[in-house]
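Load the model and switch on side chains. This tour goes from ring pairs to charges over rings, then to a loop residue.

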Amino acid sequence: MIDEKYISQIVESVLKSAQEAPAKSEDKKQLGVFETMEEALDAVKKAYKQYRSYTVAQREKMISNIRKLTLEEAEVMARMGVDETGMGRVEDKIIKHQVVANKTPGTEDLQPSVMTGDDGLTLIEMAPFGIIGSITPSTNPSETVLCNTMGMIAGGNAVVFNPHPNACKVANYAVDLVNRAILAAGGPENLVVSVKKPTMDTSKMMMECPDVKMLVATGGPGVVRTLLSSGKKAIGAGAGNPPVIVDDTADIAKAASDIVKGASFDNNLPCIAEKECFAFSSIADELIDNMTKNGAYLLKGDMVDKLVKVALVEKDGKYSINKKWVGKDAGLFLKELGIDADPRLIICETPENHPFVQVEMMMPILAIVRVNNIEEAIEMAVKAEHGCRHSAHIHSKNVDRLTAFARAVETTIFVKNAPSYAGIGVGGEGYTTFTIAGPTGEGLTATHSFTRQRRCVMADGLHIV
């Protein structure tokens with residue numbers, strides 16, 4: 001028999017153990033994540049003062065640790081991103097994190113230059129701006145935090161993030177990760193900071209803080225316009241509506257496979273992804289047939305009109321994306337239409353003025369427009385790109401056509417005969433970034449983008465020739 005006194009002792013012991021038990025991982029305080037922007041700014045100012053004395057070798061050690069933890073926790077962040085935002089595909093987000101870890105430039109991107117002559121020696125080095133304020137999107141939340149952090153601290157800067165409110169949990173997980181990596185490498189506390197609940201007010205406070213010397217935004221045209229009116233050095237990565245052209249000289253089977261891969265990657269969330277296709281009439285049927293063999297579902301007739309009502313919102317004759325459906329799986333769209341199928345991509349034929357062509361979809365939906373020749377294809381593609389000068393793609397073996405399209409569209413990224421993601425180093429040469437600055441001209445940002453030139457001049461007799 002167990003008496004009441006003994007039972008009370010057991011209950012008391014259990015309650016005491018529960019109180020003394022460590023908090024669950026999700027309840028633990030995240031490094032660098034603060035309740036208010038004031039606290040975040042105060043902390044990052046102190047960290048930057050310490051960081052000024054760190055060597056380039058010490059910076060690189062921190063970045064190596066960030067790469068390591070990013071690879072180890074890629075799946076965790078991929079799942080968190082999908083769970084929090086309801087957008088994208090876990091397997092594709094894992095790839096995004098892996099490419100960030102493996103192909104984001106570090107301190108090797110800092111390239112000094114020297115000029116010598118009869119009047120002495122001049123050294124130009126890439127110096128930090130100081131504290132950088134960064135606004136990140138919901139489409140690539142943790143990837144942008146990680147990629148920007150590596151480039152910014154490689155340049156000797158500290159960073160304060162204001163993540164998208166709809167993706168702040170996974171973005172702040174990434175902030176915690178980089179701080180764990182930095183501390184393990186002997187770096188200062190709070191070199192990278194954020195706020196627990198970002199808002200328009202926290203964003204404004206960050207932008208107006210006199211200690212924040214540079215602003216970087218990855219997002220839509222609204223946030224880019226706000227940054228450019230701040231009076232500070234600003235890098236803006238805006239929206240795009242990338243077209244892809246397929247002509248009659250292309251390897252059609254490969255083009256079809258590449259386009260399906262690119263347009264369906266992470267459910268078409270990447271701003272570089274193929275958003276509309278212009279195909280020569282002579283090969284259009286073959287292209288569509290090969291697309292269906294590579295995971296695309298061809299939607300026809302009035303079903304296309306029904307899909308418009310699901311995916312888009314119409315007001316006063318103008319269409320915009322239905323935000324509730326951004327980044328959703330193709331199968332969910334078809335289920336909404338009463339179709340039992342789960343493809344990677346939905347394709348449909350439309351005229352060039354169709355909203356699926358003219359609106360940046362950010363959904364696994366690709367409109368295909370038949371064209372008669374390259375001149376017509378280029379004219380339509382340039383119109384659909386809307387002058388964003390972001391990304392464009394083409395499948396062709398005709399050098400003259402490749403050149404003509406590149407000159408006409410003037411995009412930051414131009415991919416030939418490959419999936420769109422080759423443009424950021426996935427299956428293509430070159431480094432990766434998730435801040436592609438078309439509006440402000442920096443292009444694919446890296447460490448050098450977050451630095452400023454400083455010139456040191458020494459005169460008289462310093463050269464040996």
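Start by selecting Tyr51. In this predicted model, Tyr51 is buried, because its relative accessible area is 2%, under the 20% cut-off. Add Tyr54. This residue is buried too, with a relative accessible area of 17%, again under 20%.

Now look at the two rings together. A pair of aromatic rings is described by the distance of the centres and the angle of the planes. Tyr51 and Tyr54 have their centres 5.5 Å apart, with 45° between the planes, and form a tilted pair. The structure holds four aromatic pairs, this one among them.

Next, select Trp325 and Phe333. Why is this pair tilted? The planes of Trp325 and Phe333 meet at 40°, which is neither under 30 degrees, as stacked requires, nor over 60, as edge-to-face requires, so the pair counts as tilted. The centres are 4.7 Å apart. Both Trp325 and Phe333 are buried.

Move on to charges over rings. Select Lys29 and Phe34: Lys29 lies over the ring face of Phe34, 5.4 Å from the ring centre. Then take Arg180 and Tyr173. Here the charged end of Arg180 sits over the Tyr173 ring, at 5.9 Å from its centre.

Last stop: Asn268. Find it in the loop between α10 (252-264) and β10 (276-280). Is Asn268 buried or exposed? Asn268 counts as buried, because its relative accessibility is 1%. Its side chain reaches the backbone oxygen of Glu274 at 3.1 Å. Show the surroundings as well. Leaving aside neighbours within four places in sequence, Asn268 is in contact with residues including Ala263, Lys275, Met362, Met363 and Pro364.

Conventions:
Residues numbered from 1 in each chain as written. Predicted model: local features only at pLDDT ≥ 70, side-chain atom pairs only at ≥ 80, totals over all residues. Heavy atoms only, no water. Phe/Tyr/Trp six-rings, centres within 6.5 Å; stacked < 30°, edge-to-face > 60°. Buried < 20%, exposed > 50% of the residue type's maximum accessible area, 1.4 Å probe, protein only. Lys NZ or Arg CZ within 6 Å of the ring centre and 35° of its normal. Helix = DSSP H or I, 4+ residues; strand = E, 2+ residues; numbered from the N terminus. Polar contact = N/O pair within 3.5 Å; in protein donor to acceptor, adjacent residues only side chain to side chain. Contact = heavy atoms within 4.5 Å.
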